[in-house]
Number of protein chains: 2
Amino acid sequence: VQSTSSPKAFVERLLSRQRITSSCLCVGLDPDLDLVPDNVARGADVETRLVAFNAAVIEATADVACAFKLNLAFYERYGAAGWNALRRTVDAIPAGCIKIADAKRGDIGNTARFYAEAFFHSMSFDACTLSPYMGVDSISPFAAYADKAVFVLCRTSNPSADDFQLSGSDRPLFADVARRANDWDAELSASIGLVVGATRLGDLEKVRRLSPALPFLIPGVGAQGGDPIETVRVSRTSDGPVLVNSSRSILYASRAPDFADAARHEARRLAAALEQTPIG
Amino acid sequence: VQSTSSPKAFVERLLSRQRITSSCLCVGLDPDLDLVPDNVARGADVETRLVAFNAAVIEATADVACAFKLNLAFYERYGAAGWNALRRTVDAIPAGCIKIADAKRGDIGNTARFYAEAFFHSMSFDACTLSPYMGVDSISPFAAYADKAVFVLCRTSNPSADDFQLSGSDRPLFADVARRANDWDAELSASIGLVVGATRLGDLEKVRRLSPALPFLIPGVGAQGGDPIETVRVSRTSDGPVLVNSSRSILYASRAPDFADAARHEARRLAAALEQTPIG
């Protein structure tokens with residue numbers, strides 16, 4: 001089911017941001033204090049160090065990133081200090097940038113509503129990632145927010161992604177998810193997108209055929225080995241925008257005091273590669 | 001693949017606890033301040049009120065509960081205050097009780113390792129729930145903890161659980177998950193269990209046939225309508241223990257100042273019903 005009406009609010013904001021930045025790069029803010037250079041808020045507490053590192057990366061990359069994605073595990077591992085750092089990091093992202101909570105939650109009823117409230121109301125995330133295992137009951141509480149987006153796990157980039165995909169069969173699970181996501185996008189208020197890994201280009205192409213107009217959030221380039229140019233070639237269409245995420249290759253481009261400059265350089269390099277344009 | 005060796009540490013502890021309490025009841029500590037009686041730490045901050053409510057329920061039910069399950073969304077919705085309340089609640093559960101983090105996480109690599117570290121090391125949970133969508137990569141970082149357990153979502157109790165189960169086919173997804181969980185239990189260090197809802201008795205029975213010796217965590221009795229006696233009849237075997245969870249029917253048995261007494265009464269009633277014994 002394809003809608004012929006104008007794009008939803010989230011897609012309009014995404015496209016606008018991508019025009020402004022000439023970039024489909026999403027920077028993953030997954031801070032790991034074991035890898036953060038010592039000079040970042042040296043001697044301060046966990047919350048302060050996390051926020052200082054993130055703020056430096058945000059400042060260095062915001063003009064070449066259409067979005068930032070925060071994987072919640074990297075914050076939750078630090079307990080309450082991590083949650084405070086998460087909230088302060090979201091607040092530090094400039095207006096206009098798309099902010100994605102990479103939560104991969106999959107729960108129902110009240111539970112899902114509480115998560116939606118936490119991400120979309122208490123914090124100002126624009127989108128979050130969810131698991132489809134329990135069906136639309138896990139999606140609809142988030143998708144009730146008309147100006148937000150939900151990215152549903154579809155074809156992930158990890159080695160065991162195949163365990164339950166029946167990918168040899170004529171009806172792989174990810175194809176079912178891709179088909180249903182179109183219906184959800186038509187039926188529910190929020191934009192529905194898909195998480196599709198860059199490490200299996202053939203499946204990425206197949207998912208795009210099944211979901212021609214949904215936004216894709218694509219992990220798996222950079223450290224995981226997906227090719228940036230081929231990834232964009234098979235997945236981006238005039239109606240179907242993509243966000244290509246990279247985390248480690250940008251955050252830890254240097255682990256010395258010049259990390260922010262190195263992050264900026266790597267983000268610009270990758271953003272240019274994704275557009276197949278020279279670094280401006 | 002069934003092991004003929006002695007049960008793993010988690011299963012031994014679970015069985016021991018079930019013998020001591022004569023109960024397979026798991027009490028779900030899912031506090032919602034909108035439903036907590038006013039007299040609980042009246043006027044105090046969110047963290048204090050959550051901990052006070054939980055502590056009263058724990059004290060009232062610990063001798064008839066073999067386990068407590070904390071759905072993390074009910075804490076995360078309150079941000080850092082919720083995380084502190086989560087940690088303090090886990091600490092308030094008496095030694096010997098099984099403590100389950102109902103997280104339904106499904107992530108990989110570092111991310112999964114961080115969650116595992118948070119639940120099993122920083123906090124003293126004995127088990128957590130996980131989504132199988134991304135395959136064994138999501139399970140193994142948790143299952144590296146030999147004395148812990150991982151309950152994998154298999155057949156859930158919600159209406160849209162069918163969206164991707166292909167349950168009309170000869171190869172429903174939940175049956176694949178149940179089969180693979182046996183292999184994981186044989187291959188990985190931790191105990192592997194399954195989350196199987198009480199609302200579809202035929203599927204519960206089928207999952208038990210496929211996984212004769214795995215512990216089952218069973219939601220869906222009480223408020224969701226599953227029959228306690230039938231649930232235990234089709235799912236518990238001499239080798240295959242069950243944990244039957246109830247949250248709302250116990251926590252909010254009364255919303256007046258006598259809520260703890262009411263919770264105790266309802267927990268005893270349900271525990272007795274599960275064993276088909278008169279309330280002692």
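Student: What makes the eight-letter run E1-E2-E3-E4-E5-E6-E7-E8 in chain A a barrel?

Tutor: In chain A, 8 strands close up in that order, with parallel pairing. Strands here are DSSP runs (E, at least two residues; helices are H or I, at least four), numbered from the N terminus. From one strand to the next, the twist averages 30°, taken between N-to-C directions of lines fitted to C-alpha atoms, on a scale from 0 to 180 degrees. This is a predicted model, where local features need pLDDT of at least 70, side-chain atom pairs count only at pLDDT 80 or more, and totals for chains, interfaces and linings use all residues. Residues are numbered from 1 along each chain as its sequence is written, chains are lettered from A and ligands numbered from 1 in the order written, and side-chain values use heavy atoms, leaving out hydrogens and water.

Student: How do you know that strand E1 of chain A and E2(A) pair?

Tutor: Pairing takes at least two DSSP bridges. Strand E1 (residues 25-28) of chain A shares 3 bridges with E2(A), in the parallel sense, so by that rule they pair. At one bridge, Cys26(A) has Ala67(A) of E2(A) as its partner.

Student: Which strand of chain B does E6 join, and through how many bridges?

Tutor: Strand E6 (residues 191-196) of chain B is joined to strand E7 (residues 216-218) of chain B by 2 bridges, running parallel. Val195(B) sits opposite Leu217(B) there. Chain B also closes 8 strands into a barrel, again with parallel pairing.

Student: Why is the relation between the chains called a two-fold axis?

Tutor: Chain B lands on chain A after a rotation of 180° with 0.0 Å of shift along the axis, RMSD 0.0 Å (least squares on C-alpha atoms of residues with pLDDT of at least 70 in both copies). That is the relation of a two-fold axis. Ala80(B) is the residue of chain B closest to the axis, at 2.2 Å for its C-alpha.

Student: How do you know that the copies meet through the same surface?

Tutor: Take contact as heavy atoms within 4.5 Å. Then 48 residues from each of chain B and chain A take part. Of the interface residues of chain B, 100% are interface residues in chain A too, so the surface is the same.

Student: What do the chains bury between them?

Tutor: About 4500 Å², 59% of it on carbon and sulfur atoms (accessible area lost on being put together, 1.4 Å probe, summed over both parts). Phe114(B), Tyr133(B) and Phe164(B) lose the most area in chain B, together 21% of what that side buries.

Student: What makes Arg77(A) and Glu117(B) a salt bridge?

Tutor: The rule wants a side-chain nitrogen of Lys or Arg within 4 Å of a carboxyl oxygen of Asp or Glu. Their N to O distance is 3.6 Å, so the pair qualifies. There are 8 such bridges between chain B and chain A. Elements giving two or more residues to that side of chain B include helix H4 (79-92) and helix H5 (109-122).

Student: What about Asp63(A) and Arg264(A)?

Tutor: Their closest N and O atoms are 2.9 Å apart, a salt bridge too. The partners are 201 residues apart, with Asp63(A) in the loop between helix H2 (46-61) and strand E2 (67-71) of chain A and Arg264(A) in helix H11 (residues 259-275) of chain A. Over all chains the count is 38 salt bridges.

Technical notes
Buried area is the accessible area (1.4 Å probe) that two parts lose on being put together, summed over both.
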